[in-house]
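Thanks for coming. Please look at the sequence and the structure on the screen, and I will go through some parts of it.

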Amino acid sequence: MCGIVGFAGTRQAAPILLDGLEKLEYRGYDSAGLAIEGDGEILVKKQKGRLRVLREATHNGEDLPGVVGIGHTRWATHGEPSDVNSHPHLSYNGEVCIVHNGIIENYIELRNFLISKGYEFASDTDTEVISQLMDYYYHGDPTEAVEQARSHLMGSYALGILFRQTPDRIYAICKDNPLIIGIGEGENFMASDVTAILKYTRRVFRLSEGELAVLTRDGVTVTDSYGEPIEKEITNVTWDENAAEKGGYEHFMIKEILEQPEVIRKTASPRIVNGTINLSLKSISDEDIRGIDKIYIVACGSAYHVGCVAKPILSKLCRLPVFVELASEFKYSDPMVDNKTLTIVISQSGETLDTYHALKEAASRGSRIISVVNVVGSTIAMVSEDVLFTWAGPEIAVATTKAYSAQLIVMYMLAMYMGRVRGVATEADEKELIRQLEALPDAVEAILEKKEQVQYLASLFYSSKDIFFLGRNIDYALALEGSLKLKEISYIHSEAYAAGELKHGTISLIEQGSLVVALCTYKPLKEKLVSNIKEVVARGAVVIALANEGDTNIEAVADHVIELPEWEELTMPSLAIIPLQLFAYYVASLKGCDIDKPRNLAKSVTVE
């Protein structure tokens, strides 16, 4: 959830670290800090608040001279956001300094032990324990100190470590948190996300659990858990650096919303080969697919909502029971998973810790695994049997839009592919889906061209205290995502409800002037949705409805209608989600919210 950057070279480190941290602002944070190997001491400067506060306090890094250093943006877990709780953390005698992503679960036990040995603590964090523990084990050999301390750490971590007495190098280890090593010319880098170092190098590798990397300006050495040197395969990152820039847009979020037509093309087109869907699964055979007796979809947040949309589609096309589970609950619910189960794991970052643990739980019970992720080389991608990459490019705004849409496309294609293999979906069904996928980008483009209508509606309702979203079947799954987008970035209290549940308590919340967003795109239950609209209108609600063009029944009962083109049921969610994303964006913009970096949220959630 936090951001880490490290640099060892011949240039001044602090400006490069600040630049890298700026690229990681999208991950969410409440404070930032730098540690630089100075002349005989480790210089530390850290500040609560946005990165610009740290920039100003260090005069863009000029106040921290040195060519080796580490930087961090913190999202508070242990201890409130404050200068003292910010990273980096020095040991009490100034010998060891660390930055840390993750959570140390046994930190209280370790803290009490160290206090008994005379150590003093300045912060309320779990992280400070690590620097103090490494100092306790440090007797002149940094590697031994790191390995001794690591053996006592329970939880998750990615660590960048400086030792005062070896001022030319950075030590790096990780467990259940990503750490990328970048290889340059006469300089080398460390980061929690490749976007932080793309400006300086595209040659990277991922550090694995149990490995220790030592970075100097001359090179990077990696040893395994036995201390044996190992060679890491270096990957060349092909992302366009400009893809992670705003390109003249006010916010990354609106840029990413507008990129969705192209993202849909990039996700679908390579998987359509000679008029059929080809997913190029490597480990799971057609025979395996025919032997599956149930499907679990496991995810968090917006990815979970993708699973909710996909559930009825998979069930219909594969004629199998489909369960959608929150990853944070899956591991602890004794799931009924075995070797005839397919577990589909969905994660934009491929680093979501709850989802990763759910994947490991499913795999330990014999389940086949297919992961849908955006980031090549991510943890979930690396440990999965088969991976379907969404190819959405870097998504910087914390609130996902284009990655969500790409995940939907992958799930349509996976459902159809499995349905065809199982003999449920026909060749005609597959051709129809391909036709829809090829036409979708233009249809999304047409909706985006009318975004001013949504902007106008946002201007009418941005001061609302509560907003309710209603839908049935797939429309309810979309309502969940529409509501989440709104509350994430506008801070308006918003809830999504299955419209059929209105009379079971929800309707008591409706009062004069309440805003209700009614999703009316699922045709088999549209007439029931009309009745639900009438029920809330009778109690004083104002209704914005999403409906197909020319739907006079909806126009007759709703106050405002956002029209969508006539479209097939299977891929309609890809059209209906666009106005909901736009509505959230424009409401938040009118309220003056920090849209790309909403408070308390992080892009990649790497703690449980």
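A helix, as I use the word, is a DSSP run of H or I with at least four residues, and helices are numbered from the N terminus. One of them is α5, residues 142-150, and Ala149 lies in it. Please keep in mind that this is a predicted model.

Let me stay with Ala149 for a moment. Is Ala149 buried or exposed? Buried means under 20% relative accessible area. Ala149 has 0% relative accessibility, so it counts as buried. Tyr137 is 12 residues away from Ala149 along the chain, and the C-alpha atoms of the two are separated by 6.9 Å.

Next, an open sheet. Six strands take part, in the order β5-β6-β7-β8-β12-β13, and the pairing is antiparallel. Which strands are at the edges? They are β5, residues 89-90, and β13, residues 219-223, and each pairs on one side only. Inside that order, β8 (residues 170-175) is joined to β12 (residues 212-216) by 3 bridges, and the two run antiparallel. If you want one pair to find on the screen, take Ile170, whose bridge partner in β12 is Leu215.

Now some parallel strands. Strand β17, residues 294-299, and strand β18, residues 322-326, run parallel and are joined by 5 bridges. One of the pairs here is Val298 with Glu325 in β18. Between these two strands the chain passes through helix α9, residues 301-318, and this β-α-β crossover is right-handed.

Strand β17 also pairs with β19, again in the parallel sense, over 5 bridges. There, Tyr296 stands opposite Thr343 in β19.

β19 itself covers residues 341-347. How many of its residues are buried? The count is 7 of the 7, so the strand is largely enclosed by the rest of the structure. In a regular strand the side chains alternate between the two faces of the sheet. In β19, Thr341, Thr343, Val345 and Ser347 point one way, Leu342, Ile344 and Ile346 point the other way, and all are buried.

From β19 we can go on to strand β20, residues 368-373, which pairs with β19 in the parallel sense over 6 bridges. Here Ser347 stands opposite Val373 in β20. The chain gets from β19 to β20 through helix α11, and this β-α-β crossover is right-handed.

So what about α11? This helix has 12 residues, 353-364. At 1.5 Å a residue, α11 should span 16 Å, and its end C-alpha atoms are 16 Å apart, which agrees. For burial, 9 of the 12 residues of α11 are buried, so the helix is largely enclosed by the rest of the structure. The buried residues of α11 are Leu353, Asp354, Thr355, Tyr356, His357, Ala358, Leu359, Glu361 and Ala362.

Further along the chain, strand β22 (residues 466-471) and strand β23 (residues 493-498) run parallel, with 6 bridges between them. Gly471 stands opposite Ala498 in β23. The connection from β22 to β23 goes through helix α16, residues 474-490, and this β-α-β crossover is right-handed.

One residue to look at in this part is Val516, in strand β24, residues 515-519. Its relative accessibility is 1%, so Val516 counts as buried. Val516 and Asp466 are 50 residues apart in sequence, and 9.0 Å apart in space from C-alpha to C-alpha.

Last topic, empty space. Rolling a probe the size of a water molecule over the atoms shows where empty space is left. A search of the whole structure finds 5 cavities of 30 Å³ or more. I will describe the second largest cavity, which holds about 60 Å³ of space. Which residues line the second largest cavity? They are Phe469, Gly482, Val517, Ile544, Leu546, Ile562, Pro579, Leu580 and Phe583. Two elements give two or more residues to this lining, β25 (542-548) and α19 (572-591). α19 gives the most, with 3 residues. Sorted by class, the lining has 8 nonpolar residues, 1 polar residue and no charged residues.

That is the end of my part.

Notes. Residues are numbered from 1 along each chain as its sequence is written. This is a predicted model: local features need pLDDT of at least 70, side-chain atom pairs count only at pLDDT 80 or more; totals for chains, interfaces and linings use all residues. Side-chain values use heavy atoms; hydrogens and water are left out. Two strands pair if DSSP finds at least two bridges between them. A crossover is right-handed if, with the strands pointing away from the viewer, the path from the first strand over the helix to the second runs clockwise. On a 1 Å grid over the protein atoms alone, a cavity is a set of points where a 1.4 Å probe fits but cannot get out, and a pocket is an open set with protein on both sides within 12 Å along at least five of seven lines; lining residues have an atom within 4 Å of a point. Grid points are joined across faces, edges and corners, and a volume is the space filled by probe spheres set on the points. Ala, Val, Leu, Ile, Met, Phe, Trp, Tyr, Cys and Pro count as nonpolar, Asp, Glu, Lys and Arg as charged, and the others, Gly among them, as polar. The expected span of a helix is 1.5 Å times one less than its number of residues. Buried means under 20% relative accessible area, exposed over 50%, partly exposed in between (1.4 Å probe, protein chains only).
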